[in-house]
Amino acid sequence: MNSESHCLVSRRGLLQAGAGLLLASALAPFPARSAPSDGHRIVAAPGRTRLRPDRPETDVWTYNGTVPGSVVRLRQGERARLVVENRLDQETTVHWHGIRLPNAMDGVPGLTQPPIKSGETFVYEFTPPDAGTFWYHPHANSLEQLGRGLAGAVIVEDREPVAVDRDLLWLLSDWRLTDGGGIASRFGNWMEAAMSGRVGNTVTLNGRASAAEPFRAGERVRLRLVNASLARIMALRFEGHRPMVVAIDGQPCDPHEPEHGRILLGPAMRVDLVLDLEGEPERRYDVIDDFYDGLSYRLTQIAYDERPPIRAHAFDGPVALTHNPLPEPDLASAERHTLTLQGGMMSMSGMSGMSGMMGRGMMGGGGGMMGMGHGAVWSINDTSMTGDGHAGMEPALTFKQGRSVVLALRNETAWWHPMHFHGYSLKVLSRNGKAVPHRQWQDTVLMAPKDIVEVAFVADNPGDWMLHCHVMDHQMSGMMTVLRVA
Ligand code: C2O
Ligand code: CU
């Protein structure tokens, strides 16, 4: 793979766009840094970077020296070989989030592989069946390793890419920085774990706080959004623009405008947009994240350069992506189960909330806590699995290989949870009794408080697969279980 400053323009797109390639060289899309070309070698090691202009450099943990780590570009249906070398002073693994791969390549320590010790390497080999936007991150000491910067995008290239002028990645991360530019150390704060998790104070776009991103009037871009935060949920609004959602969690959906113009992006989720740059040269438009009440901020600005529109009329090619070969669950014969999410503080204030949590999680409150000692404040179906994964995790449910399965996820808590299923993409059927439109498949399902979401899948991939909340504090403190397909 030569350079990542690439431009996905099909021949047809080129004919339509004319100046597409020129444009790509005029504007530097992320990332300017190149991935190593010797297959894919990914080195996890400490490094330093400037995350925001008003702070000193920050000590971070990196993949190949940068945050985010170098982009891993794979091709749909072609075998990939990824050598991961651990130069941290602690064990790690890599999880290829969202990719349907063999269980032994899933990167869960104890459950699917031994951890990669400091100084050792591990070779991951798999053939990605689906094109789309995925990402990779550690699955050992996850809260701290992800919180110190270990994350990168995996882009599995489409055989037939959609015609756009540029294909861009915005990998979004949330950091808790001290005034001195360091990463606040106290990972795993018990109170935070029982609430919204470790939400930070600095959001970066491709590894730096962004004042503006360069665009040209009239161009059409595919924008791949990845939320690599530990806990921060985002709701993005593109002022003055009408982005179309074309894929969720890497899986193409029917193109649609986001509900209320807000793109909801929980931790670990990805959304691919097709964005037509219909604004005026030299103008700037805000991109706002207003998920948390009263805490909205400007993520960046869409900054148009002075050049006239790249084309006279709006780009009129189709925006739909080619669907991936996902097996369609047979709802009539599917077996049905419920997974109930429990625990946490009942509300932000008041002792009743506190005692509610103490009763369930900390005091044991009627068994089911699996004797994992301190720190379990969440559970799934009355059982708390804590940490990052380990040997001997008993599956909550076992499915016969090939069965269609419908799961009802019930959030009984007062908090949001992005629930991630390893090894599978799930068809989202309904939310609170209402059918979910646009053929949405997800590996990370964002659950609002009290939500009930129905998902379906064909249990075609054997193994022990983790299912957990991707708010890292929640996973570490009990919101995790295992599904077995055998
Ligand atoms: Cu992206 Cu088990 O995680
Ligand atoms: Cu959660």
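Colleague: Which side chains meet in a salt bridge at 3.5 Å, N to O?

Modeller: In this predicted model, the side chains of Glu-157 and Arg-73 form that salt bridge. The two partners come from distant parts of the chain: Glu-157 belongs to strand 8 (residues 152-157) and Arg-73 to strand 3 (residues 69-75), with their positions 84 residues apart in numbering.

Colleague: Are Glu-157 and Arg-73 buried or exposed?

Modeller: Both Glu-157 and Arg-73 are buried.

Colleague: How many salt bridges does the count come to?

Modeller: The count comes to 35 salt bridges. One of them joins Glu-144 to Arg-148, with the closest N and O atoms 2.7 Å apart.

Colleague: Why does Arg-148 count as buried?

Modeller: The general idea is a cut-off on relative accessible area, with buried meaning under 20%. Arg-148 has 14% relative accessibility and therefore counts as buried.

Colleague: Where in the chain do Glu-192 and Arg-176 lie?

Modeller: Their side chains meet in a salt bridge of 2.7 Å, N to O. Glu-192 is in helix 4 (residues 190-193), whereas Arg-176 is in the loop between strand 9 (166-175) and helix 4, so the pair, 16 residues apart, links distant parts of the chain by the numbering of elements used here. Glu-192 counts as buried because its relative accessibility is 15%, while Arg-176, at 21%, counts as partly exposed.

Colleague: Which residues do salt bridges with shared partners join into one network?

Modeller: That network consists of Asp-158, Asp-167, Arg-222, Arg-224 and Asp-272.

Colleague: How should the largest pocket be read, and which residues are closest to its centre?

Modeller: A pocket is an open set of points, in contrast to a cavity, from which the probe cannot get out. Here the largest pocket holds about 840 Å³ of space. Its lining has 26 residues, and Glu-259, Leu-264, Arg-431, Val-436 and Gln-440 are the closest to the centre. Two or more lining residues come from each of strand 14 (244-248), strand 16 (263-265), strand 25 (426-431) and strand 26 (434-435). By class, the lining of this pocket comprises 14 nonpolar, six polar and six charged residues.

Colleague: What is the volume of the largest cavity, and what lines that cavity?

Modeller: There are seven cavities of 30 Å³ or more, and the largest has a volume of about 90 Å³. Among its 14 lining residues, Leu-146, Gly-149, Ser-173, Trp-175 and Ala-228 are the closest to the centre. Helix 3 (142-147) and strand 9 each supply at least two lining residues, and strand 9 gives the most, with four. The lining of this cavity divides into eight nonpolar, five polar and one charged.

Key. Residues are numbered from 1 along each chain as its sequence is written. Chains are lettered from A and ligands numbered from 1 in the order in which they are written. This is a predicted model: local features need pLDDT of at least 70, side-chain atom pairs count only at pLDDT 80 or more; totals for chains, interfaces and linings use all residues. Side-chain values use heavy atoms; hydrogens and water are left out. A salt bridge is a side-chain nitrogen of Lys or Arg within 4 Å of a carboxyl oxygen of Asp or Glu. Buried means under 20% relative accessible area, exposed over 50%, partly exposed in between (1.4 Å probe, protein chains only). On a 1 Å grid over the protein atoms alone, a cavity is a set of points where a 1.4 Å probe fits but cannot get out, and a pocket is an open set with protein on both sides within 12 Å along at least five of seven lines; lining residues have an atom within 4 Å of a point. Grid points are joined across faces, edges and corners, and a volume is the space filled by probe spheres set on the points. Ala, Val, Leu, Ile, Met, Phe, Trp, Tyr, Cys and Pro count as nonpolar, Asp, Glu, Lys and Arg as charged, and the others, Gly among them, as polar.
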